[in-house]
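Trainee: Please take a close look at the salt bridges in this structure. I would like to know where the charged partners sit and what surrounds the parts that they join.

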Amino acid sequence: MKRLEGKVALITGGARGQGEAEARLFVAQGARVVIADVLVEDGQRVASELGEAAMFQRLDVTCPEDWSAAVRAAQARFGTLDVLVNNAAILKLAPIEACSLEDYRKVIEVNQVGCWLGMKAVLPAMKEAGRGSIVNVSSTAGMEGVAGGSAYVASKFAVRGMTKAAALEFGGHNIRVNSVHPGGIDTAMARPPEFADFDSTSIYRGLPIPRIGRPDEVANLVLFLASEESTYCTGSEFIVDGGMLAGNTFG
């Protein structure tokens, strides 16, 4: 039996990068998937390639009405909703001195408020289903600071904290909530225009696993948390970072 047989999942940011890798893996493992994103053309392409087990739904994660529509669409097409992967996020890099309030708030709205809205929106459907797994994608930046990333770090620490609060609130409804903390992963987000002239390979060469991570490696961890293999896991952080947070080596 496939690991997600009979489950229905909604994946935000599912049009590319980690979200796309998760959508493809989930379908391969028997799930039916709602690919939710603001990138309509990319999202429709992925859904088309995955066939009848997938559908695309435009979703701006900062908009409560879009969330309500996405949940309704999942239930209308697939009958239920068992899994939410809060994957959508943006990254804007600037030192605090140069970061505008507008940019700071935009990152918080997408990464933090969007995650909170998602948990709130899916709760009634998961209570109705009698089960659920919510996977909130945070970051290693939710575990330690990053110079020039005050907005991103603040949002990802918040995702880590609200995951624990939600796990306490939702546990009585047989709904688990966990956070995933990727390090450097080879996606468009890992190559922001601010770093266009910066060679990041030296950072990854210094890790215990001396390379950048792949989206499928994050997807495999998210799959575990979405599946029945993790039924005693909730309110916890799961790190996939090549050893980035393990510590420092000298010499």
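**Salt bridges and their surroundings**

Mentor: The structure holds 14 salt bridges. It is a predicted model, and I will go through a few of these pairs before turning to the helices and strands.

Start with Arg45 and Glu20, whose closest N and O atoms are 3.9 Å apart. The pair counts as a salt bridge because the cut-off is within 4 Å. Arg45 belongs to helix H2, residues 40–50, and Glu20 to helix H1, residues 17–28, so this contact ties together parts that are 25 residues apart in sequence. The two ends differ in exposure: Arg45 is partly exposed at a relative accessible area of 34%, whereas Glu20 is buried at 16%. Glu20 falls in the buried class because that class covers values under 20%. The pair is also part of a network of salt bridges that links Glu20, Arg24, Arg45 and Glu49.

Next, take Asp82 and Arg131, whose side chains meet in a salt bridge with an N to O distance of 2.8 Å. Here both partners are in loops: Asp82 is between helix H3 (64–78) and strand E4 (83–86), and Arg131 is between helix H4 (101–129) and E5, so the bridge ties together parts that are 49 residues apart in sequence. Asp82 is buried, with a relative accessibility of 3%, while Arg131 is partly exposed at 29%.

A further pair is formed by Asp216 and Arg214, with 3.0 Å from N to O. Neither end of this pair is buried: Asp216 is partly exposed at 32%, and Arg214 is partly exposed at 38%. Asp216 lies in the range of helix H7, residues 215–226, which also contains Asn220. Asn220 is partly exposed, with a relative accessible area of 39%. Across the chain, Asn220 and Phe26 are 194 residues apart in sequence, yet their C-alpha atoms are 9.3 Å apart in space.

Now go back to the two helices named with the loops of Asp82 and Arg131. H3 and H4 pack at an angle of about 35°, and their axes are 10 Å apart. The crossing of H3 over H4 is right-handed. On the H3 side, the residues in contact are Pro64, Trp67, Val71 and Gln75. On the H4 side, they meet Gly114, Leu117, Gly118, Ala121, Val122, Ala125 and Glu128. H3 also contains Asp66, which is buried with a relative accessible area of 18%. Leaving aside neighbours within four places in sequence, Asp66 touches Arg58, Leu59 and Asp60.

Strand E5, named above with the loop of Arg131, leads to E6. E5 (residues 132–137), helix H5 (residues 150–170) and E6 make a β-α-β unit, and this unit is right-handed. E5 and E6 run parallel and are joined by six bridges. Within that pairing, Asn136 has Ser179 of E6 as its bridge partner. E6 pairs with strand E7 (residues 237–240) as well, again in the parallel sense, over four bridges. In this pairing His181 stands opposite Ile239 of E7.

How many residues of strand E6 are buried? Eight of the eight, over residues 175–182, so E6 is largely enclosed by the rest of the structure. In a regular strand the side chains alternate between the two faces of the sheet. The burial of E6 can be read face by face: Ile175, Val177, Ser179 and His181 are buried on one side, and Arg176, Asn178, Val180 and Pro182 are buried on the other, so both faces are covered.

Just before this strand comes Asn174, in the loop between H5 and E6. Asn174 has a positive phi of about 65° although it is not a glycine. Its exposure is at a relative accessible area of 49%, which puts Asn174 in the partly exposed class. That value stays in this class because exposed means over 50%.

Technical notes: Residues are numbered from 1 along each chain as its sequence is written. This is a predicted model: local features need pLDDT of at least 70, side-chain atom pairs count only at pLDDT 80 or more; totals for chains, interfaces and linings use all residues. Side-chain values use heavy atoms; hydrogens and water are left out. Buried means under 20% relative accessible area, exposed over 50%, partly exposed in between (1.4 Å probe, protein chains only). Two strands pair if DSSP finds at least two bridges between them. A crossover is right-handed if, with the strands pointing away from the viewer, the path from the first strand over the helix to the second runs clockwise. Axes are lines fitted to C-alpha atoms, for helices over the stretch in contact, and angles run from 0 to 180 degrees between N-to-C directions. A crossing is left-handed if the near helix is turned anticlockwise from the far one by less than a right angle, and right-handed if clockwise. Contact means heavy atoms within 4.5 Å.
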